[in-house]
Every structure is written in C-alpha cells, then in structure tokens.
Amino acid sequence: MRPLIIANWKMNTTLSEALLLANGVKRGLAGLTSADVVLCPPFPWLVPVGEVIYHHPLKQLQLGAQNVFWQESGAYTGEVAAPMLKGLVGYVILGHSERRRVFQETDQIVNQKVKLALASGLRPVICVGEERRPAAAVLDQPTEEAAHHVQQPVKELRAAIKGLTADQLKKIVVAYEPVWAISSNKNAVAATGIYANFVSQLLREELESHDPEASAHIPILYGGSVTAANVEEFSPQPAINGCLVGGASLKLKDFLTICQQFN
Ligand code: PGA
C-alpha cells in the first residue's frame with residue numbers, strides 16, 4: 001500500500017509560519033514519488049495554505065482539516081461543517097484523543113462525524129488508541145495475551161465505522177495513536193515499532209472482519225511522538241502504512257526526513 005504521512009499542526013503556527021512551512025514542505029517533496037503527504041493546518045489557514053498546495057499542485061501533497069462538527073448546518077456558533085470543506089480539503093482528522101478528552105467526544109459523535117465527512121467527499125482519518133501504557137515487556141515483545149491492552153482502539157474503530165457501506169469503508173484512513181505516546185501528554189514516549197505493528201495488525205483484522213476487499217484500501221498509520229530520530233522504528237513495520245505526526249510536523253527538516261523515510 002502507498003505510504004501516507006499526515007501532518008497535524010494542531011493549534012500552532014501564525015499565518016506567516018504556516019505559509020513558510022507549507023512552501024518548504026512543497027519544495028522538499030518535489031522528488032517524493034512513492035508516498036503521499038497531507039498537511040492539516042488550523043482552520044483559518046486552510047485557504048492560504050491551500051493556495052500554496054494547489055498552485056502548480058504536486059499529486060503527492062494534499063490538504064486536510066483537523067476536525068468537523070457532527071451536524072451539517074445550523075445554530076452551532078463557532079463550528080465548521082463538513083460540507084463547508086468540500087472541494088477545499090481531501091482529508092479530515094476525526095476522533096483525535098485531544099478531542100475525545102478535552103471536548104468529550106464520544107464514539108457515537110465520532111461515528112456521526114465520519115458519516116458526514118464521507119457524505120461530503122472527505123476521507124476521514126479516524127484516530128483510535130488506548131490510554132494506559134502497557135508494561136515494558138509487552139512493548140518489547142507483544143504476545144497474544146497483550147491483546148487485552150488493546151481492546152480500546154479496536155472498540156473505538158468498530159464504533160467509528162458502524163453502519164458504513166463497503167464503498168464508504170474504502171475511503172477511510174485509520175490512525176493508531178496510543179494516548180500515552182502523544183507528545184503533548186506528560187511522560188509521553190513513542191511506542192516501540194514492534195508493539196505499534198502488533199496493534200496495527202489487530203486493527204487490520206477488525207477491518208477485514210467487516211470487509212476484506214475494502215480493508216485492502218485502508219492505510220493504517222501510527223502516531224505518537226514520531227520524530228526524525230525514531231521514524232525508522234516504524235517505517236519498516238509491515239502492518240504500518242505511514243504515520244500521523246504532530247510536534248515534528250512543525251519542524252520542516254524533521255518532517256521532510258520522516259516523509260523521505262517512507263518514500
Ligand atoms: P505527536 O502528536 O506527534 O506530537 O505526538 C501526534 C498527534 O497527536 O496526532
């Protein structure tokens with residue numbers, strides 16, 4: 001499967017920083033032929049960053065949003081609806097652990113958002129992940145018993161894709177993001193490659209149990225403290241098809257190194 005690297009800028013960058021970063025990524029990716037990259041800037045920068053991306057576009061560079069609301073329109077002050085992003089972005093990050101925790105998003109809300117995103121032609125990037133870090137021995141050598149640690153991501157995935165048709169399922173992207181590994185959390189450390197691969201394989205089995213044919217189209221990404229220094233831990237793993245990068249995606253050189261690693 002063609003690798004996919006998604007940059008989640010979160011609530012960072014000024015307009016000039018965003019433009020500088022987007023231009024730098026675009027220049028740096030000109031020679032990238034075997035991977036796709038998606039930049040997800042904050043909402044107000046989608047149009048200006050989109051102008052950078054879509055002016056003499058590179059096939060391998062796309063734009064994404066970090067969220068949408070769970071209704072199509074209406075009296076929801078401050079929210080952004082999926083149809084508003086149609087034609088502007090190709091992807092939208094949904095169910096991120098920061099949204100689940102800070103904004104109390106439930107599995108049901110994530111499922112609703114996934115359906116609305118798909119109805120507007122956006123590819124939902126569904127984030128799932130467990131809160132508790134497993135024991136070091138499990139991280140180093142996950143066994144079948146370790147599967148009980150990873151019930152949460154599998155359960156979140158199952159809930160997020162509930163009611164999707166096989167055609168809709170084909171359009172999703174799954175991001176396995178253990179909450180304990182996300183750099184903004186206290187004492188965060190990246191997962192081991194072998195453990196991230198193990199959980200990605202469980203997620204793949206869940207997708208296959210829904211529709212084996214559709215599953216073959218769905219990239220499974222790893223996210224959580226991916227850096228230029230540790231990306232080689234994840235890129236060779238057979239069940240991992242790319243990564244979702246937060247902090248390191250704000251550093252041009254590091255982000256390009258990560259993308260090249262999957263090329
Ligand atoms: P991180 O964030 O790479 O800074 O850990 C990843 C994410 O939250 O998507």
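Me: What radius of gyration does the protein have, and why does that agree with a compact globule?
Reply: In this predicted model, the protein has a radius of gyration of 17 Å. A compact globule of 263 residues would have a value near 18 Å, so the two agree.

Me: And what does the C-alpha trace span along its principal axes?
Reply: The C-alpha trace spans about 50 × 40 × 35 Å along those axes.

Me: How many helices and strands are there?
Reply: The protein contains 12 helices and 8 strands.

Me: What share of the residues is buried?
Reply: Buried residues account for 55% of the 263 residues.

Me: Which residues of helix α2 are buried?
Reply: Helix α2 covers residues 46-54, and its buried residues include L46, P48, V49, G50, V52 and I53.

Me: What covers them?
Reply: The cover over the buried residues of α2 includes two helices, α1 (15-28) and α3 (82-85). It also includes the strands β2 (36-40) and β3 (61-65).

Me: What follows α2?
Reply: H56 follows α2, and the phi of H56 is positive, near 50°.

Me: Back to the whole chain: how many of the contacts join residues at least 24 apart?
Reply: Taking contacts between residues at least 6 apart in sequence, 76% join residues at least 24 apart.

Me: Now the surface. How much area does the protein expose, and what do carbon and sulfur supply?
Reply: The protein exposes about 11900 Å². Carbon and sulfur atoms supply 54% of that area.

Me: And the charges, how many are positive and how many negative?
Reply: There are 23 positive and 24 negative charges, and their mean positions are 5 Å apart.

Key
Residues numbered from 1 in each chain as written. Predicted model: local features only at pLDDT ≥ 70, side-chain atom pairs only at ≥ 80, totals over all residues. Heavy atoms only, no water. Helix = DSSP H or I, 4+ residues; strand = E, 2+ residues; numbered from the N terminus. Rg over C-alpha atoms; globule rule 2.2 N^0.38 Å. Buried < 20%, exposed > 50% of the residue type's maximum accessible area, 1.4 Å probe, protein only. Contact = heavy atoms within 4.5 Å. Areas by Shrake-Rupley, 256 points an atom, 1.4 Å probe, with all protein chains shown as cover. Lys, Arg positive; Asp, Glu negative; His and termini not counted. Charge placed at Lys NZ, Arg CZ, Asp CG, Glu CD.
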